[in-house]
Protein chains: 2
Amino acid sequence: MSGRTHVRLADVAERAEVSIMTVSRVLRTPQQVSADTLKRVNKAIRELGYVPNSLAGDLRAASPSKLVAAIVPSIMNSLFAETLKGLSDTLRSNGIHLMLGDSEYSQKEEEALIAAFLAQRPSGLVLHNSTHTPSARRMLKRAGVPVVEVGNLTPRPTDLVVSYSNFDAARLMTEHLIARGYRKIAFASVLLEGNERAQERRRGYLHAIDAAGLERSDDLMFAIAGSFDNGGIALTRLTDRRPDIDAVFLAGDVLAIGAMLECRRRGWKVPERMAIAGFDDWEFSRHFDTPITTLAIPRYDIGRIAAELILERLKNPSAVGKPPVDVGFELIHRGST
Amino acid sequence: MSGRTHVRLADVAERAEVSIMTVSRVLRTPQQVSADTLKRVNKAIRELGYVPNSLAGDLRAASPSKLVAAIVPSIMNSLFAETLKGLSDTLRSNGIHLMLGDSEYSQKEEEALIAAFLAQRPSGLVLHNSTHTPSARRMLKRAGVPVVEVGNLTPRPTDLVVSYSNFDAARLMTEHLIARGYRKIAFASVLLEGNERAQERRRGYLHAIDAAGLERSDDLMFAIAGSFDNGGIALTRLTDRRPDIDAVFLAGDVLAIGAMLECRRRGWKVPERMAIAGFDDWEFSRHFDTPITTLAIPRYDIGRIAAELILERLKNPSAVGKPPVDVGFELIHRGST
DNA sequence: AGCCACCATGTGAACGATAACATGATCCCT
DNA sequence: AGGGATCATGTTATCGTTCACATGGTGGCT
């Protein structure tokens with residue numbers, strides 16, 4: 001073992017008795033190298049266990065690194081995982097890999113991550129949030145890198161957008177509940193602060209409520225961190241305040257599932273005693289005795305399309321100003337409403 | 001806009017009327033720079049929106065990039081997500097970020113990811129698998145980078161290990177079922193091929209069965225991809241073959257939950273008609289009418305400790321040969337057994 | 001005053017690769 | 001047989017940063 005950590009092109013070149021440049025060609029443009037040189041160099045590469053140094057390569061080529069950075073509010077939320085999978089699959093088949101950050105729903109943290117990631121000169125940036133600190137916004141503008149926002153069909157995007165309208169989705173679900181005859185419709189969601197998606201869903205709910213002339217009241221709204229237990233808690237708080245509630249729209253994460261469990265504990269019939277509507281078609285939503293009416297978002301596709309937009313931009317950097325891509329959503333009517 | 005994409009140290013230096021080196025020092029060792037130079041340079045940095053180029057920095061410093069690569073069998077499996085979160089949290093507080101790959105349970109794919117990741121000169125590698133292709137094994141040995149395997153307390157690790165014994169965990173659960181009086185105990189797991197963890201769990205099950213002198217039979221074992229529905233299918237297949245089964249140990253993913261749902265559909269009392277044991281304490285396991293007995297693995301801690309080992313090794317590269325870290329597991333006895 | 005230590009800053013080379021150009025050999029065509 | 005095109009390979013400069021060393025000014029101590 002020599003003192004040097006890694007095998008370099010120069011080491012391979014020496015062993016194969018060719019120049020560095022020839023080794024480089026063997027790796028990148030083998031058709032430009034004669035058959036037997038190719039064989040000799042490949043042998044040396046294998047024997048030495050050469051692993052290219054992308055840092056050096058990308059630096060000299062002034063090309064971005066073969067990495068795309070993604071920042072999600074929570075790694076452990078399987079909804080975001082689906083989008084990441086779409087991203088990762090699509091990028092990988094183009095030789096690009098994923099750098100992942102977890103902003104923990106904090107814009108300040110997101111800003112720090114953006115700075116750290118940009119230092120790696122990624123080929124692109126995918127952000128779940130579309131509201132950022134001013135400083136983050138400035139960095140993104142100047143980065144000279146495709147930026148895709150995927151959490152909401154935001155009106156004033158930084159660059160590219162692939163998403164769906166949280167507002168429309170929540171409005172549609174509320175309209176559905178109204179059409180089914182419910183009149184005291186409550187709304188529960190994850191915490192609103194810094195979460196544009198939750199805010200938009202709330203706006204959508206209120207819009208439908210107002211349009212139908214139904215009661216709009218703070219009593220009918222509740223926000224709480226997303227978890228099973230909290231879905232039950234939300235239901236409890238709301239119905240304690242207002243026993244006349246006949247439907248709850250739980251617009252986030254696993255809240256609806258928690259609410260279903262709570263209804264079962266209480267022996268409440270769904271939807272007769274209480275209708276339950278969810279957001280996001282968790283596999284589990286289907287599996288209750290009374291399966292849950294919910295909104296299905298094509299989250300894998302969001303990731304896939306985000307990747308495609310980045311790849312396209314890399315091929316053709318001048319093609320800026322692409323309009324937002326609306327992947328839509330689907331209301332899945334099941335037994336709970 | 002000039003033709004150049006990014007602002008360089010040289011641009012900042014020019015604007016602040018100092019040398020490149022001074023700017024570099026402002027960023028890395030500001031205590032070596034006089035107060036007013038510091039102010040002037042920082043102003044220029046802000047005005048130009050300078051973002052360091054880690055590619056160049058890490059190249060020259062011959063230091064690894066501030067990235068750690070992790071490869072999991074499936075991004076969308078929330079169990080792995082928990083470990084990733086532990087990793088990510090711990091690394092980030094040390095200025096290191098995560099590169100993420102999804103091997104889709106394939107060793108060939110894992111090998112490709114390892115090669116691609118090593119090219120980025122990461123500070124470390126975290127692998128969920130502990131069995132690799134020969135070529136992957138060779139790369140890992142030669143990489144000169146800390147490698148942590150986290151999926152199983154494997155006997156012949158590549159380098160570092162932080163995990164628990166799948167064998168012992170499955171054995172313990174099987175012993176628990178035996179102690180509770182069950183005699184025809186079936187075993188269902190995710191697909192075994194290339195999945196060392198599932199294989200080890202099966203070994204643990206068989207070990208306990210043999211030790212107790214109970215029936216060991218292919219009829220009592222079933223493997224299927226992990227999903228809700230497949231848990232129900234596993235239960236159906238097993239009891240079709242062998243109606244005398246009185247307990248099923250579902251050692252993987254969400255199979256146990258699927259089996260519970262299937263029991264409910266059939267109106268089977270758990271555990272009277274059929275005992276159900278799971279592996280991995282999904283939040284959901286608690287929330288059935290009959291909550292599920294299961295094994296809790298400290299998956300977040302696995303990630304955290306893996307990160308700590310890497311950080312330690314970076315500080316002190318000579319400290320090789322650390323023994324495996326066993327984080328253990330816990331059998332959580334609930335109503336289903 | 002003279003000397004040395006120290007502090008702030010600058011200079012030149014180097015990290016490992018690639019781009020652009022240069023070279024010499026081979027080949028084909030007239 | 002001569003000359004340009006083509007092919008395989010080599011040479012030199014460069015990417016943006018950091019390292020190692022050099023330099024000049026300031027201050028304290030005797």
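A residue is counted as near a DNA strand if its C-beta atom, placed from the backbone, lies within 6 Å of that strand. For the classes used below, Ala, Val, Leu, Ile, Met, Phe, Trp, Tyr, Cys and Pro are nonpolar, Asp, Glu, Lys and Arg are charged, and the others, Gly among them, are polar. The model is predicted.

**Exercise 1. The surface near DNA strand C**

Task: Determine how many residues surround DNA strand C, which elements supply them, and how they divide by class.

Solution.
- Step 1: DNA strand C is surrounded by 26 residues, and the closest are Arg8(A), Leu9(A), Ser24(A), Ser19(B) and Arg60(B).
- Step 2: At least two residues each come from α1, α2 and α4 of chain A and from α2 and α4 of chain B.
- Step 3: α4(A) supplies the largest share, five residues.
- Step 4: The classes are 13 nonpolar, eight polar and five charged.

**Exercise 2. The surface near DNA strand D**

Task: Determine which residues are closest to DNA strand D and which element gives the largest share of the surface near it.

Solution.
- Step 1: Around DNA strand D there are 26 residues, with Arg60(A), Leu9(B), Ser24(B), Gly57(B) and Arg60(B) the closest.
- Step 2: Two or more residues are given by each of α2 and α4 (54-61) of chain A and α1 (9-16), α2 (20-28) and α4 (54-61) of chain B.
- Step 3: The largest share, five residues, belongs to α4(B).
- Step 4: By class, this surface holds 13 nonpolar, eight polar and five charged residues.

**Exercise 3. The faces of helix α3(A)**

Task: Find which residues of α3(A) are buried, and state why they line one face of the helix.

Solution.
- Step 1: α3(A) covers residues 35-48, and its 14 residues reach 20 Å from first to last C-alpha, close to the 20 Å expected at 1.5 Å a residue.
- Step 2: Val41(A), Ala44(A) and Ile45(A) are the buried residues to consider.
- Step 3: Viewed down the axis of α3(A), the buried residues lie within an arc of 100°, and therefore they line one face.
- Step 4: Exposed on the other side are Ala35(A), Asp36(A), Arg46(A) and Glu47(A).
- Step 5: The cover over the buried residues of α3(A) includes α1 (9-16) and α2 (20-28) of chain A.
- Step 6: After the helix comes Gly49(A), with a positive phi near 65°.

**Exercise 4. Burial of three residues in chain A**

Task: Decide for Phe167(A), Ala225(A) and Glu17(A) whether each is buried, partly exposed or exposed.

Solution.
- Step 1: The cut-offs are 20 or more other C-beta atoms within 10 Å for buried and 12 or fewer for exposed, with partly exposed in between.
- Step 2: Phe167(A) has 20 such neighbours, so this residue counts as buried. Phe167(A) lies in α8 (residues 166-179) of chain A, and beyond four places in sequence touches Glu200(A), Arg203(A) and Gly204(A).
- Step 3: Ala225(A) has 13 and is therefore partly exposed. Ala225(A) sits in the loop between β7 (221-223) and α10 (228-241) of chain A; setting aside residues up to four places away, its contacts are Val190(A), Leu191(A) and Asn230(A).
- Step 4: Glu17(A) has 11 and so is exposed. The loop between α1 and α2 of chain A contains Glu17(A), whose phi is positive, about 55°, although Glu17(A) is not a glycine.

**Exercise 5. Contacts between the chains**

Task: Describe the side of chain A that touches chain B by its elements and classes.

Solution.
- Step 1: In this interface, 43 residues of chain A are in contact with 43 residues of chain B.
- Step 2: On the chain A side, two or more residues come from each of α4, α5 (78-92), β2 (97-102), α6 (107-118) and α7 (134-142).
- Step 3: That side has 22 nonpolar, 13 polar and eight charged residues.

**Exercise 6. Core and cis peptide bonds**

Task: Name the residues with the most contacts inside the largest nonpolar core, then locate the cis peptide bond of chain A.

Solution.
- Step 1: The largest nonpolar core has 199 residues, and Leu250(A), Ile276(A), Leu250(B) and Ile276(B) have the most contacts inside it.
- Step 2: Beyond four places in sequence, the residues that Leu250(A) touches include Ala188(A), Leu255(A), Ile276(A) and Phe279(A).
- Step 3: Val270(A) and Pro271(A) are joined by a cis peptide bond with omega about 10°. Pro271(A) is in the loop between α11 (255-266) and β9 (275-277) of chain A.
- Step 4: In chain B, a cis peptide bond joins Val270(B) and Pro271(B), with omega about 10°.

Conventions: Residues numbered from 1 in each chain as written. Chains lettered and ligands numbered in written order. Predicted model: local features only at pLDDT ≥ 70, side-chain atom pairs only at ≥ 80, totals over all residues. Helix = DSSP H or I, 4+ residues; strand = E, 2+ residues; numbered from the N terminus. Expected span 1.5 Å × (residues − 1). Arc of directions from axis to C-beta. Contact = placed C-beta atoms within 7 Å. Core = buried A, V, L, I, M, F, W, Y, C linked by C-beta atoms within 7 Å.
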